[in-house]
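Work through the following exercises with the sequence and the model side by side. Try each task before reading its solution.

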Amino acid sequence: ALLRVLSKEKDDLEGIMRTIIEHGDAVETHWFNKALEANLLATVDGLTQIANRRKFDDYFNRQWHQMLDDRTPLALVLCDVDYFKDYNDAFGHLAGDDCLRQIALTVDRVLKRPTDLVARFGGEEFVVVLPQTSAAGAMKVAELIQSEIANIKIPHSRSLVSDYVTLSIGIVSIIPTENRSPKELIDEADQALYIAKQQGRNRIIYLSMT
């Protein structure tokens with residue numbers, strides 16, 4: 001009788017432990033999924049469903065230090081939708097949102113390597129991070145982006161450069177060094193974009209960092 005009691009208590013204890021483990025796994029899985037969801041919401045742009053500015057800042061800084069260690073080039077491609085305010089005025093903000101979504105998806109399709117990243121930089125600006133990419137390689141990506149945007153033919157009756165939505169693009173590529181900062185690369189890409197817009201928009205400008 002004593003053996004039967006001890007055996008039953010052992011079985012009961014094992015059952016309790018199994019229940020705790022099973023529920024523990026469920027709780028752990030639940031919170032793990034919650035954490036993944038929260039991280040996704042924190043790094044994905046809600047409108048375009050590509051990386052947001054926070055994700056870009058983190059990824060770009062990590063790639064900067066990686067390229068610094070590897071002594072390989074890092075390129076940025078900064079894009080701006082031409083006359084986007086006029087587009088919103090003509091077609092409304094819902095159409096403007098849809099326009100940005102189409103551009104984001106199109107740029108994302110152009111990128112082939114898992115290390116390349118497109119992010120919404122702010123408003124109607126998009127930025128592409130291209131690790132281990134020279135100026136010539138970045139130019140090819142920028143030209144392909146322009147070509148694909150032209151192919152989707154989003155009508156833009158208020159544009160002064162085309163009947164369809166176009167992009168102005170600034171490019172910069174550099175091998176990171178200790179005496180440079182990631183911000184300098186962003187500032188230079190922004191300057192290249194500014195020149196592209198000043199020179200008439202719907203064009204690509206590359207600036208060499210000296």
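## Exercise 1: A strand and its surroundings

All 8 of the 8 residues of strand β1 (residues 74-81) are buried, so the strand is largely enclosed by the rest of the structure. The model in which this is seen is a predicted one.

Task: Determine which residues point each way from β1, and which strands β1 is joined to.

Solution. Begin with the side chains: L74, L76, L78 and D80 point one way from β1, while A75, V77, C79 and V81 point the other way, and all are buried. Next, look for the strands joined to β1: 7 bridges join β1 to strand β3 (residues 125-131), and these two strands run antiparallel. Strand β4 (residues 167-174) is also antiparallel to β1, and is joined to β1 by 8 bridges. Finally, follow one residue across: L76 has V129 as its bridge partner in β3, and V172 as its bridge partner in β4.

## Exercise 2: An aromatic pair

Task: Classify the aromatic pair of F56 and F121, and work out which parts of the chain the pair ties together.

Solution. Start with the count for the whole structure, where a search finds 5 aromatic pairs. For F56 and F121 the distance is 5.6 Å centre to centre and the angle between the planes is 80 degrees; since planes over 60 degrees apart count as edge-to-face, this pair is edge-to-face. Now place the two residues: F56 lies in helix α2 (residues 53-70) and F121 in strand β2 (residues 117-122), so the pair ties together parts that are 65 residues apart in sequence. Both F56 and F121 are buried, and together with F60 and W64 they form one aromatic cluster. As a last step, consider a charge: the charged end of R53 sits over the ring of F121, 4.0 Å from its centre.

## Exercise 3: Cysteines and confidence

Task: State how many disulfides a search of the whole structure finds, and decide whether C79 and C99 are buried or exposed.

Solution. The search of the whole structure finds 0 disulfides. For the second part, recall that buried means under 20% relative accessible area; C79 has 1% relative accessibility and therefore counts as buried, and C99, with a relative accessible area of 1%, is buried.

Task: Find where the pLDDT is below 50.

Solution. The protein chain has a mean pLDDT of 89, and 83% of its residues reach 70 or more. Over residues 1-6, however, the pLDDT is below 50, and this stretch has 0 contacts in the model beyond near neighbours in sequence. Where pLDDT is low, the predicted coordinates should not be read in detail.

Technical notes. Residues numbered from 1 in each chain as written. Heavy atoms only, no water. Disulfide = S-S within 2.5 Å. Buried < 20%, exposed > 50% of the residue type's maximum accessible area, 1.4 Å probe, protein only. pLDDT = per-residue confidence, 0-100. Contact = heavy atoms within 4.5 Å. Phe/Tyr/Trp six-rings, centres within 6.5 Å; stacked < 30°, edge-to-face > 60°. Helix = DSSP H or I, 4+ residues; strand = E, 2+ residues; numbered from the N terminus. Lys NZ or Arg CZ within 6 Å of the ring centre and 35° of its normal. Pairing = 2+ DSSP bridges.
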